[in-house]
Amino acid sequence: MDTFLYIIMVGLPARGKSTLAWKLYESLKRDNIKVRIFNNGYLRRKLSRENTSYPEFFNPKNKTSAALREKYAIMNLRRAKNFIHKEIAKKRVAIIDATNVSFERRKKIISFLGESNILFIECINNDQEILEENIRLKTHIPEFSHITESEAIYSLKKRIEYYETIYNHLQNEPNFIKIDTFNYKIIQYKVNDDLPFIDRVRDFIVTPFIKNLYLLRHTESVYNLYDKIGGDSELTPKGIEDAQKIAKYFSNKKIPLIFTSSLKRTIQLAQIIKQYQKNCQIISFNEFNEINAGVCENMTYSEIRKTFPEIDRARKTNKYFYVYPQGEGYVSMEERIERGIKKVIYLSKHLDNIMIIGHRAVNRMILSYFVYKRQEDIPYIYVPIDRYYHITINQNKKIFELKSLNL
Ligand code: F6P
């Protein structure tokens with residue numbers, strides 16, 4: 001069997017192509033395969049003397065810029081071909097990371113490479129909410145540093161609109177995989193040839209990758225002090241003091257993204273950690289809000305026992321499936337927690353470190369998404385305030401380590 005493969009990424013901007021390209025790069029490299037990514041945008045930014053980030057540059061009807069983009073595309077293909085043919089006996093994979101959305105462009109790629117070992121991977125994501133958030137994050141890259149965030153958002157959206165006008169989904173190409181990148185799910189798999197590394201590639205695509213996730217609970221809140229559940233209280237002075245210690249603890253690590261719930265106590269801790277970081281953004285999701293205890297919100301456990309003994313009994317009998325009247329249960333949190341995790345994975349791209357600051361029930365559910373637990377045991381997973389979980393997940397390993405924060 002041949003020992004080389006061209007992987008051609010396909011898809012509109014902000015659909016997770018580069019993230020997947022990087023994941024493939026790292027995973028294949030771990031398997032001692034020589035891999036290189038050829039990114040057209042990178043080449044354009046490196047070689048163009050003029051500014052090429054403005055939307056009209058991506059208008060397919062703009063002949064001058066279209067020719068320039070074509071030039072960079074061919075240049076990258078040539079580089080990829082040289083890379084593959086350097087030492088054909090060695091296992092090699094060239095990943096072409098570009099939009100490649102039109103039939104014409106893909107025909108050109110096939111004829112230029114003149115090889116049969118080509119796999120197209122189309123990244124699709126039509127989840128409007130996550131797209132908006134991803135576009136916003138993308139505007140922080142150096143390409144847009146000369147304009148404001150809202151100008152950059154407009155520019156990127158306009159660029160996407162231009163690409164949409166020439167977008168043809170994969171259809172007749174001999175070997176392709178279409179992926180829903182938000183759900184890391186294969187939508188269509190049509191691989192006719194006996195391609196090298198294909199089993200590995202298929203498996204990488206459906207595996208969530210997390211390099212280092214630090215999963216924390218917020219520090220002591222006013223409600224924790226009074227043993228009350230739910231609510232939206234702030235951190236206590238002790239909570240703030242501990243937050244500072246935690247911030248110092250993580251200060252020697254670069255944490256560019258911190259995900260929180262939209263409740264004050266998690267955001268407050270994130271803000272304190274952020275003060276000790278250089279470039280760090282906080283993103284708050286409702287999906288990570290603490291379990292809604294319905295009629296029991298703002299009560300202590302002993303008040304619940306006295307006022308609603310039937311709730312206390314029923315919850316103790318079957319905690320996972322018990323749903324608080326007018327509130328939630330662990331079981332009804334499943335869907336939103338899964339969505340929150342997928343948002344985190346999508347937005348954190350291939351960052352080395354990310355952090356989630358959640359709550360007791362939320363963190364139990366996050367942990368149970370990654371590690372198998374019987375449902376009846378999930379509501380009792382140990383989630384102390386003074387420790388955190390360090391999580392690493394890839395195709396070859398799953399590590400969960402409960403570590404001390406030295407508070
Ligand atoms: O006490 C803190 C808290 O986060 C409450 O807001 C929440 O209702 C509770 O923990 C969840 O834990 P359990 O499901 O064990 O009651």
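Is Leu113 buried, exposed or partly exposed? I will start with that residue and then move out to the rest of the chain. Leu113 sits in helix H4. Since it has 19 other C-beta atoms within 10 Å, Leu113 counts as partly exposed; the cut-off for buried is 20 or more. Please keep in mind throughout that this is a predicted model.

Staying with Leu113 for a moment, its contacts, leaving aside neighbours within four places in sequence, are Tyr6, Leu77, Lys81 and Ile118. For one of these, Lys81, there is also a C-alpha distance: 6.8 Å from Leu113, with the two positions 32 residues apart along the chain.

Now the overall layout. The protein chain is divided into domain 1, residues 4-205, and domain 2, residues 210-404. Taken over C-alpha atoms, the centres of the two domains are 35 Å apart. Domain 1 puts 15 residues into the contact, and domain 2 puts in nine. On the domain 1 side, the elements giving two or more residues are helix H1 (17-30), helix H5 (128-138) and helix H7 (198-205). H1 gives the most there, with five residues. By class, that side of domain 1 has five nonpolar, six polar and four charged residues.

H1 deserves a closer look. Its 14 residues, at 1.5 Å a residue, should span 20 Å, and the end C-alpha atoms are 20 Å apart, so the two agree. Which residues of H1 are buried? They are Lys17, Ser18, Thr19, Leu20, Ala21, Lys23, Leu24, Ser27 and Leu28. The elements covering these buried residues include E1, strand E2 (34-39), E3, strand E4 (118-124) and H7. After H1 comes Asn32, with a positive phi near 60 degrees.

From H7, I will pick out Arg200. Arg200 has 16 other C-beta atoms within 10 Å and is therefore partly exposed. Its C-alpha atom is 9.3 Å from that of Leu24, a residue 176 places away along the chain. Leu24 is, as I said, one of the buried residues of H1.

Two loop residues in domain 1 come next. Ala14 is in the loop between strand E1 (4-10) and H1. Its phi is near 70 degrees, a positive value in a residue other than glycine. Ala14 counts as buried because it has 24 C-beta neighbours inside 10 Å. The second is Asn100, in the loop between strand E3 (92-97) and helix H4 (103-113). Here too phi is positive in a residue other than glycine, near 45 degrees. Asn100 has 21 C-beta neighbours inside 10 Å, so Asn100 counts as buried.

On to the cores. In soluble globular proteins, nonpolar side chains tend to be buried together. How many residues does the largest nonpolar core have? It has 43, and those with the most contacts inside it are Leu215, Met355, Ile356 and Ile366. At least two residues each come from strand E7 (210-217), helix H9 (237-249), strand E8 (257-260), helix H10 (264-275), helix H13 (330-347), strand E10 (353-358), helix H14 (360-370) and strand E11 (387-393). H13 gives the most to this core, with eight residues.

As for Ile356, if we leave aside its neighbours within four places in sequence, it is in contact with Leu213, Leu215, Phe259, Phe288, Val344 and Ile366. Apart from this core lies another, of 42 residues, with Val10, Leu12, Ile118 and Phe204 among them.

That leaves H13 itself. At 1.5 Å a residue, its 18 residues should span 26 Å, and the end C-alpha atoms are 25 Å apart, which agrees. Where does H13 bend? The bend is at Arg336, by about 30 degrees. The buried residues of H13 are Tyr330, Met333, Ile337, Gly340, Ile341, Lys343, Val344, Ile345, Tyr346 and Leu347. They pack against H5, E7, E8, strand E9 (281-284), E10 and H14. Lys349 follows H13, and its phi is positive, near 45 degrees.

To close, two helices to look at in the structure: H1, which gives the most to the side of domain 1 that touches domain 2, and H13, which gives the most to the largest nonpolar core.

Conventions: Residues are numbered from 1 along each chain as its sequence is written. This is a predicted model: local features need pLDDT of at least 70, side-chain atom pairs count only at pLDDT 80 or more; totals for chains, interfaces and linings use all residues. Domain bounds come from an automatic or database domain assignment. Two residues are in contact if their C-beta atoms, placed from the backbone, lie within 7 Å. Helices (H or I, at least four residues) and strands (E, at least two) are DSSP runs, numbered from the N terminus. Ala, Val, Leu, Ile, Met, Phe, Trp, Tyr, Cys and Pro count as nonpolar, Asp, Glu, Lys and Arg as charged, and the others, Gly among them, as polar. A nonpolar core is a set of buried Ala, Val, Leu, Ile, Met, Phe, Trp, Tyr and Cys residues joined through C-beta atoms within 7 Å. A residue is buried if 20 or more other C-beta atoms lie within 10 Å of its own, exposed if 12 or fewer, and partly exposed in between; C-beta atoms are placed from the backbone. The expected span of a helix is 1.5 Å times one less than its number of residues. The bend at a residue is the angle between axes fitted to the seven residues ending there and the seven starting there.
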